[in-house]
Amino acid sequence: MRCSLMPSLAISLNLSQSSFNIVSYGAKPDGQTDSSESLTSAWHAACTSTSSSSTIYVPAGTFLIKPVTFNGPCNTNHIIFQIDGTLIASSSYSSKTQQWIMFEHVNGVSIFGGTLDGRGQSLWSCKNSGRGCPDGATSLKFSNSKNIMISGLSSVNSELYHIVINGCEAVKVQGVRINAPGNSPNTDGIHVQMSNDVTISSTGIRTGDDCISIGPGTSGLWIEGVSCGPGHGISIGSLGKEDEEDGVQNVTVRNTVFKGSQNGLRIKTWGRPSTSFVKDIMFEHATMQNVQNPIIITQNYCPGEHHCPGQNSGVKISGVTYNDIQGSSATQVAVDFDCSGSNPCSGIGLEDIKLTYGNSPAKASCINADGSASGFVIPPSCL
């Protein structure tokens, strides 16, 4: 597994670079005038520019942006979004919108700074009322793209996911701040799927669902220096919803802090047949502060008990190591491995674990899990 250093946030402009200020294309920083067309016009100019590098500049102020898609490929593989202001979504939700800001088939796009405000409050109220509501829109999505940088961005109050990385290669997310209330439904912080060579570092996430969720087809993922809470933890899964599904492998999660989150380090799979798998996972150097489920594997996920009651998960979990996991659990069982009866977890490693519940050592529960423990392990290993 590699660990690459992040480049400096400083941007050096030179004569070969073209700059496109969205205000020059008619954008108004008043938070009320629709500036979507201005933003897409600036993108078109940057994408078709013959300069070796192009910068799209969003100055200070608040700009109302309706759903936009930035399509590539472009003439240049070096386009910078420098955002000094705030982009806000419409305050009303739509059943027709799945993404708010979408990049597809782009290469070499970097986003520096700025705030994205998804204004998801009205949709959350609808969902929490139990009425029939649309899923909502992801605030920022990169799909089928490569060599992407997201640095210093703040994302607040997304309708659905804050950031999605789908089908991408060579993505760096650093210094990002994500914020939504703990009761905001389905507002995952960062979701990665069908992607490889992704790094997420020095990022703080407070949200109503998974801080980071890792979906099928993810490999070569490095997560470091992330704080989570409120939220549902850093989760691999859910996996295995489909009979034929790619797995997750070669993932490292290190130097993380969980504060009052529902989960800490979680692997979750559907309780139904599937070809998916989880292997070669390293969780290390994590601090838990009053976390309900600090370490958890659950292979019987079946919301609504539809299409899987009584079935064993086909997802094979192997080669998962937990090293230097310290702190406090909000529940008595701090280590909970509930693995598949037909595909037991194998190669689970616990090294230097110290988790307490109140003033006492926490407990561990293992079902269909095999592995080993070494070093100082509290609660006592059940492997």
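Mentor: In this predicted model, a residue is called buried when its relative accessible area is under 20%, exposed when that area is over 50%, and partly exposed in between.

Trainee: With that cut-off in hand, which residues of helix α1 are buried?

Mentor: In α1, which covers residues 36–48, the buried residues are S36, S38, L39, A42, W43, A45, A46 and C47.

Trainee: Why is S41, which is also found in helix α1, called partly exposed?

Mentor: The relative accessible area of S41 is 28%, and because this value lies between the limits of 20% and 50%, S41 is classed as partly exposed. As for its surroundings, the C-alpha atom of S41 is separated by 8.1 Å from that of I22, a residue 19 places away along the chain.

Trainee: How do you know that the length of α1 agrees with its number of residues?

Mentor: The expected span is 1.5 Å times one less than the number of residues, so the 13 residues of α1 should span 18 Å, and the C-alpha atoms at its ends are indeed 18 Å apart.

Trainee: What does α1 pack on, and which strands does it touch?

Mentor: Helix α1 packs on the sheet, where it touches β5 and β8 (99–104), and its direction makes about 5° with that of β5. That sheet is an open one of 11 strands with parallel pairing, in the order β5-β8-β11-β14-β17-β19-β21-β23-β25-β27-β30.

Trainee: What makes β5 and β30 the edges of this sheet?

Mentor: Strands β5 (68–71) and β30 (363–367) each have a single partner strand, so one side of each is left without a neighbour in the sheet. Between neighbouring strands of this sheet, the average turn is 15°, with direction ignored.

Trainee: Why are β21 and β23 said to pair?

Mentor: Pairing requires at least two bridges between the strands, and because β21 and β23 (residues 263–270) share 4 bridges in the parallel sense, they satisfy that condition. In one of these strands, β23, T269 is the bridge partner of L239.

Trainee: Beyond β23, why is G271 called buried?

Mentor: G271 sits in the loop between β23 and β24 (277–291), and its relative accessibility is 3%, which is under the 20% limit, so G271 counts as buried. The C-alpha atoms of G271 and Q311 are 5.5 Å apart, although the two residues are separated by 40 places in sequence. When neighbours within four places in sequence are left aside, G271 is in contact with Q299, N300, Y301, C308, Q311, N312 and S313.

Trainee: Where is H232, and what does UniProt list for this residue?

Mentor: H232 lies in the loop between β20 (219–228) and β21 (234–239), and UniProt, in an unreviewed entry, lists H232 under "active site".

Trainee: What makes the approach of H232 to G208 a polar contact?

Mentor: A polar contact needs a pair of N or O atoms within 3.5 Å, and because the side chain of H232 reaches the backbone oxygen of G208 at 3.3 Å, the distance meets that cut-off.

Trainee: Why do N144 and M194 count as partly exposed?

Mentor: N144 has a relative accessibility of 38% and M194 a relative accessible area of 41%, so each value falls between 20% and 50%. N144 lies in the loop between β11 (138–143) and β12 (146–151), whereas M194 is in the loop between β17 (190–193) and β18 (196–206). Phi is near 50° in N144 and near 50° in M194.

Conventions:
Residues numbered from 1 in each chain as written. Predicted model: local features only at pLDDT ≥ 70, side-chain atom pairs only at ≥ 80, totals over all residues. Heavy atoms only, no water. UniProt positions renumbered as here; feature names shortened; annotations may be inferred. Helix = DSSP H or I, 4+ residues; strand = E, 2+ residues; numbered from the N terminus. Polar contact = N/O pair within 3.5 Å; in protein donor to acceptor, adjacent residues only side chain to side chain. Axes fitted to C-alpha atoms, helices over the stretch in contact; angles between N-to-C directions. Contact = heavy atoms within 4.5 Å. Buried < 20%, exposed > 50% of the residue type's maximum accessible area, 1.4 Å probe, protein only.
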